[in-house]
Amino acid sequence: WNLQRSVEFIVTPELSEARNVNYLEISEMRQAGGLLVYIGTQPRTYTLNARFVSLTPSEADDTYRSTHILKSWAMPDKTASSSSSSQTRTGGEQNAPEVLRLYGYGHERQIRGVPVVLTSLNIEYPSNVSYIFNTNGDAQVPIIQNISIGLKEARNMDELSKFSLSAYKSGTLENW
């Protein structure tokens, strides 16, 4: 598991993927049924529940770094230049959090660089586990730390216009 900007989950997280397909229902009062008119397909949402395990100071460094990177993904980069690509910001907005890439499940990857934005983050600091110092001794992290991440697929118009249903069906469409 690897989210762009290098947060890697060594312990395989739980991941759920959800998507809604919208239809307008048209039904007549004196008919046996109704008609469905396709409106559109919503972006996918992902819920990722993961666990960091830190048994050594070096692993505590990795956990400390990863949790801070996760926290940063919820914040806009006020220093980003106005020439930022619309592929790196939601809607091309300068003062929006960065669009990330979600990868997972194997070398060829079941999930192949899907562009996502962070929509929620929960980092637990439990009282029922021991804490370990990092290598500098300036921070303590739980030896077992659970996190929950909400993500939403974030596409731009160029990606949507290049979508290929046949490549998507075969599992060969990159970034989908």
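Reader: Which residues does I147 touch, leaving out those up to four places away in sequence?

Author: I147 touches F9, L48, N49, A50, F52, L70, N122 and I123. The model is predicted.

Reader: What makes these touches count as contacts?

Author: Heavy atoms must lie within 4.5 Å. The eight residues named for I147 are its contacts on that basis.

Reader: Which residues touch the most other members of the largest nonpolar core?

Author: F9, I147 and I149 do, in a core of 19 residues. Strand 8 gives the most to this core, with 5 residues. Other elements that give two or more include helix 1 (57–72) and strand 11 (144–153).

Reader: Why is E153 called buried?

Author: Its relative accessibility is 6%. Buried means under 20%, so E153 qualifies. R44 is buried as well.

Reader: Why is R19 called partly exposed?

Author: R19 has a relative accessible area of 34%. Partly exposed runs between 20% and 50%, so R19 falls in that class.

Reader: How do you know that E153 and R19 form a salt bridge?

Author: Their side chains meet at 3.1 Å, N to O. The cut-off is 4 Å, so the pair counts. E153 is in strand 11, and R19 is in the loop between strand 3 (14–18) and strand 4. They are 134 residues apart.

Reader: What makes R44 and E153 a salt bridge?

Author: The N to O distance is 2.9 Å. That is within 4 Å, so the pair qualifies. R44 lies in the loop between strand 5 and strand 6, so the pair ties together parts 109 residues apart in sequence.

Reader: Which residues are linked in a network of salt bridges?

Author: E17, R19, R44, R101, E153, R155 and E159 are linked. R155 meets E153 at 2.8 Å, N to O. R155 also lies over the face of W176, at 3.5 Å from the ring centre.

Reader: Why is the pair of Y23 and Y38 called edge-to-face?

Author: A search of the whole structure finds 5 aromatic pairs. Y23 and Y38 form one of them, at 5.7 Å centre to centre, with 65 degrees between the planes. Centres must lie within 6.5 Å and planes over 60 degrees apart, so the name fits. Y23 is in strand 4 and Y38 in strand 5.

Reader: How do you know that strand 4 and strand 5 pair?

Author: Pairing needs at least two bridges. Here 7 bridges join strand 4 to strand 5, so they pair. The two strands run antiparallel. They form a hairpin with 6 residues between them.

Terms used:
Residues numbered from 1 in each chain as written. Predicted model: local features only at pLDDT ≥ 70, side-chain atom pairs only at ≥ 80, totals over all residues. Heavy atoms only, no water. Phe/Tyr/Trp six-rings, centres within 6.5 Å; stacked < 30°, edge-to-face > 60°. Helix = DSSP H or I, 4+ residues; strand = E, 2+ residues; numbered from the N terminus. Lys NZ or Arg CZ within 6 Å of the ring centre and 35° of its normal. Core = buried A, V, L, I, M, F, W, Y, C linked by side-chain atoms within 4.5 Å. Buried < 20%, exposed > 50% of the residue type's maximum accessible area, 1.4 Å probe, protein only.
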